[in-house]
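Me: I have this one open in the viewer and would like to talk through a few backbone and sheet details. Shall we begin with a loop?

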Amino acid sequence: MPTTPNLNSEDYYQILGVDRNADDSQLKKAYRKLAVKWHPDKNPDNEEATKNFQKISEAYACLSDEKKRKLYDQYGKEGANAADQMPEGHMPGGMGGFPGGVHFGGMPGGGGGAHHMSQEEAARLFEGIFGGSDPFGGAGLFGGGGRGGVGMDPFSMMFGGGGMGMGGGGMPGGIHMSMGGGMPGGMHMPGGMRMGGMPGGMNFSQGHPQQQQSKRYDAIPPGTVVSLKGLQNAPERNGDQGIIRQYNPSNGRYIVVLEDTDETMSVKACNLLQHVHVRIHDVKSQPELNGRTGTILTWIPNKERYNIHVSTLKKVVSLKPANVVLDVGTVGCITGLQSKPELNGKWGTVKDWIRESNKYDVQLSPQQVIRIKVENLRV
């Protein structure tokens, strides 16, 4: 059975939280989950995160290589590091151990010569694993393990593949995917994707249509991919990703289904970061970015900027909120209003973006719509 990843361990299997007989798909799923959580671009100015990212990458690079893994299982890290010195096609066999009498003490670095992956090597591995897909948008967040019905690209690229199913238990725990009918922008999928055209405002749970609950404009919609942050009672969960199942208005908390599990947590809005899609606008210093779409990785409080992953450029950019346009249908928190300070802290849904003034029309309730600057709405 998979275990909780132990980043304080020196054992590669324990670092990734997998069994010693884990297959390639299990290794890749564990790597992707941890690498996204600890990626330096998602954790800026965090030395611990950078070291963990390198450690996770080193473990996966060894265990995903058949020859290195066999050597690691028999001789540990030094054995795996010797793999590159061995002739092609040679594997350690029987009771004799290493062919040719390779001695670890003669390896570069001497007897303790374990190779530690650099940040640059870890970054190249990460890029090679995800290719041109968006690793931070939550694609296929619950796609592994054959949960889904009809597979949907590009969700099959993330966290083990397999796509996210529609109906037949495609989402764990009966998550309701809101379809049209009162949900601005249509159906909300992980990463901010929306689909329209479904009449009647129906929800689908375990393959059965259900009547949609009355629309709330002040609640993050079900199906939104989020990361946990600022948790005091469960700090080990900070950085974990999940999908919102529902909002509980009685206590103002969200039920979040954690990635690759059926485990749920009840979380306040202030402890959630939405990984929604955005459009970059009016960056005068880097005009080539304007019009590009990306995914929010994190919010940097001391710089008051978002880190945005732009998948088409395979890079991360740090931008002010005024240069980041949220998709219609995104729910955000109002902040920094001088004219109506009583609205600060309230949540609303982006109804429209007015390009000329760079402002949103934000719907707070069925009866109330306000117009505010883009920088006055945060996710």
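Me: Where is E304 found?

Reply: E304 is found in the loop between β11, residues 293-300, and β12, residues 305-310; bear in mind throughout that this is a predicted model.

Me: And what is its phi, for E304?

Reply: The phi of E304 is near 50 degrees, which is a positive value in a residue other than glycine. Most residues other than glycine have a negative phi.

Me: Is E304 buried or exposed?

Reply: E304 is partly exposed, its relative accessible area being 46%. Because the class "partly exposed" ends where exposed begins, at over 50%, a value of 46% stays within it.

Me: What about K314, which phi does that one have?

Reply: K314 has a positive phi of about 55 degrees, although K314 is not a glycine. K314 is found in the loop between β12 and β13, the latter covering residues 315-319, and with 48% relative accessibility K314 counts as partly exposed.

Me: OK, on to the strands around those loops. What order do they take in the sheet?

Reply: The sheet is open and has 5 strands, in the order β13-β12-β11-β10-β14, with antiparallel pairing. At its edges stand β13 and β14 (324-326), and each has a single partner strand, so one side of each is left without a neighbour in the sheet. From one strand to the next, the twist averages 45 degrees.

Me: How many bridges join β12 to β13?

Reply: These two strands, β12 and β13, run antiparallel and are joined by 5 bridges.

Me: Which residue stands opposite I308?

Reply: I308 stands opposite V317, which lies in β13.

Me: Switching topic to the sheet with β5 in it: what is the strand order there?

Reply: That sheet is also open, with 5 strands in the order β8-β7-β6-β5-β9 and antiparallel pairing. Its edge strands are β8, residues 264-268, and β9, residues 272-274, each of which pairs on one side only. Neighbouring strands of this sheet are turned against each other by 45 degrees on average, with direction ignored.

Me: And how many bridges are there between β5 and β6?

Reply: Strand β5, residues 225-228, pairs with strand β6, residues 241-248, in the antiparallel sense over 3 bridges.

Me: Last one: which residue in β6 does V225 stand opposite?

Reply: V225 stands opposite I243 in β6.

How values were computed
Residues are numbered from 1 along each chain as its sequence is written. This is a predicted model: local features need pLDDT of at least 70, side-chain atom pairs count only at pLDDT 80 or more; totals for chains, interfaces and linings use all residues. Side-chain values use heavy atoms; hydrogens and water are left out. Two strands pair if DSSP finds at least two bridges between them. Helices (H or I, at least four residues) and strands (E, at least two) are DSSP runs, numbered from the N terminus. Axes are lines fitted to C-alpha atoms, for helices over the stretch in contact, and angles run from 0 to 180 degrees between N-to-C directions. Buried means under 20% relative accessible area, exposed over 50%, partly exposed in between (1.4 Å probe, protein chains only).
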